[in-house]
Amino acid sequence: MYDVTHFFPCREINDKTLLAYGFRKDDQDYWYRCDVMNNQFTLQVKISSQGEIAASVIDKVTKEEYILHRIASATGAFVGQVREEHDAVMLDIAQNCFPQKHFKTRQADAIVQHIKQRYNSELEFLWPRFPENAIFRRKDNDKWFGALLNIDSSKLGRSDGSPIEIVNVKVSPQEMAALVDGETIFPGYHMNKKHWVTLCLDDSIPTAEILLRIDNSFNLAG
């Protein structure tokens, strides 16, 4: 089978959306089949219980797999059409069945759920060059009250230089000196350092405290 994982970057399996789309579960694997090329071929998609995704195009007459569409050097109108229809189906499955996951940490997930449930607010991804970075804002005045970012920890002055997820929140100037410790809480990364701090989402700060800071930031943004 053809490895098509490049169609599904940063995505998680969702049982409900797969079944609703038309996948059928066989033991622990999910299977989807549809006709392409005016019913000349069957496109078969398999998602294993381990999350491995593969697809194959099967000739209905010969029952053999057609492979030219996945050979980069293969050209011609017919091959191009098979490739186009194959890719369109795969992208449609990716968009409809796999909610995109930009953030990896448990604490980032908790933040996303918190702002959705408490403030009915969704993340906004504003920067095409940085597709994994997002902000959230108040609906009544459009002011930001937080930003979830993926950065290199060296940008905070840490020596390890490893990737880290952070959240920027507003604080009162009076709180700033007492909060910033240079280890888990930093002056706001790429923000006004008199009014914003950066919290590291590496479990060094309790999630409950982070959510309280977000609530406080929401109020300050008002």
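## A walk from two loops to the sheet

Aspartate 203 counts as exposed, with a relative accessibility of 53%. The cut-off for that word is over 50%, so 53% is enough. The model shown here is predicted. Aspartate 203 sits in the loop that links strand 11 and helix 5. Its backbone has a positive phi of about 70°, although the residue is not a glycine.

Now turn to another loop. Aspartate 27 lies between strand 2 (24-26) and strand 3 (29-36). Aspartate 27 is not a glycine, yet its phi is positive, at about 60°. How exposed is aspartate 27? Its relative accessible area is 66%. That value is over 50%, and therefore aspartate 27 is exposed.

Next comes a patch on the surface. Ile67, Leu68 and Ile71 make up this nonpolar patch. Together they have about 210 Å² of accessible area. Find leucine 68 in the loop between strand 6 (65-66) and helix 2 (77-97). The relative accessible area of leucine 68 is 37%. This falls between the 20% and 50% cut-offs, so leucine 68 is partly exposed.

Now to the sheet. It is open and has five strands, in the order 7-8-9-11-10. The pairing is antiparallel. Which strands form the edges? They are strand 7 (134-137) and strand 10 (185-187), and each of them pairs on one side only. From one strand to the next, the twist averages 25°.

Look at strand 9 (residues 163-170) and strand 11 (residues 196-200). They run antiparallel and are joined by five bridges. One place to look is valine 167, which stands opposite leucine 199 in strand 11.

Helices pack on this sheet too. Helix 3 (residues 106-119) touches strand 7, strand 8 (144-152), strand 9 and strand 11. The direction of helix 3 makes about 165° with that of strand 8. Helix 5 (residues 207-220) also packs on the sheet, touching strand 7, strand 8, strand 9 and strand 11. The direction of helix 5 makes about 40° with that of strand 9.

Stay with strand 9. It is mostly covered, and seven of its eight residues are buried. Six bridges tie strand 9 to strand 8, and these two strands run antiparallel. Follow isoleucine 166 in strand 9. Leucine 149 stands opposite isoleucine 166. In strand 11, cysteine 200 is the bridge partner of isoleucine 166.

Finish in the loop between strand 8 and strand 9, where leucine 156 lies. Is leucine 156 buried or exposed? Its relative accessible area is 12%. Buried means under 20%, so leucine 156 is buried. What does leucine 156 touch, leaving aside its neighbours within four places in sequence? Its contacts are Ile151, Ile166, Phe186, Tyr189, Thr198 and Cys200. Two of these names have come up before: Ile166 and Cys200 are bridge partners, and leucine 156 is in contact with both.

One last separation links this loop to another part of the chain. Leucine 156 and glutamate 64 are 92 residues apart along the chain. Their C-alpha atoms are separated by 55 Å.

Technical notes:
Residues numbered from 1 in each chain as written. Predicted model: local features only at pLDDT ≥ 70, side-chain atom pairs only at ≥ 80, totals over all residues. Heavy atoms only, no water. Patch = residues over 30% accessible without salt bridge, like charges linked within 9 Å, V, L, I, M, F, W, Y side chains within 5 Å. Areas by Shrake-Rupley, 256 points an atom, 1.4 Å probe, with all protein chains shown as cover. Salt bridge = Lys/Arg side-chain N within 4 Å of Asp/Glu carboxyl O. Helix = DSSP H or I, 4+ residues; strand = E, 2+ residues; numbered from the N terminus. Buried < 20%, exposed > 50% of the residue type's maximum accessible area, 1.4 Å probe, protein only. Pairing = 2+ DSSP bridges. Axes fitted to C-alpha atoms, helices over the stretch in contact; angles between N-to-C directions. Contact = heavy atoms within 4.5 Å.
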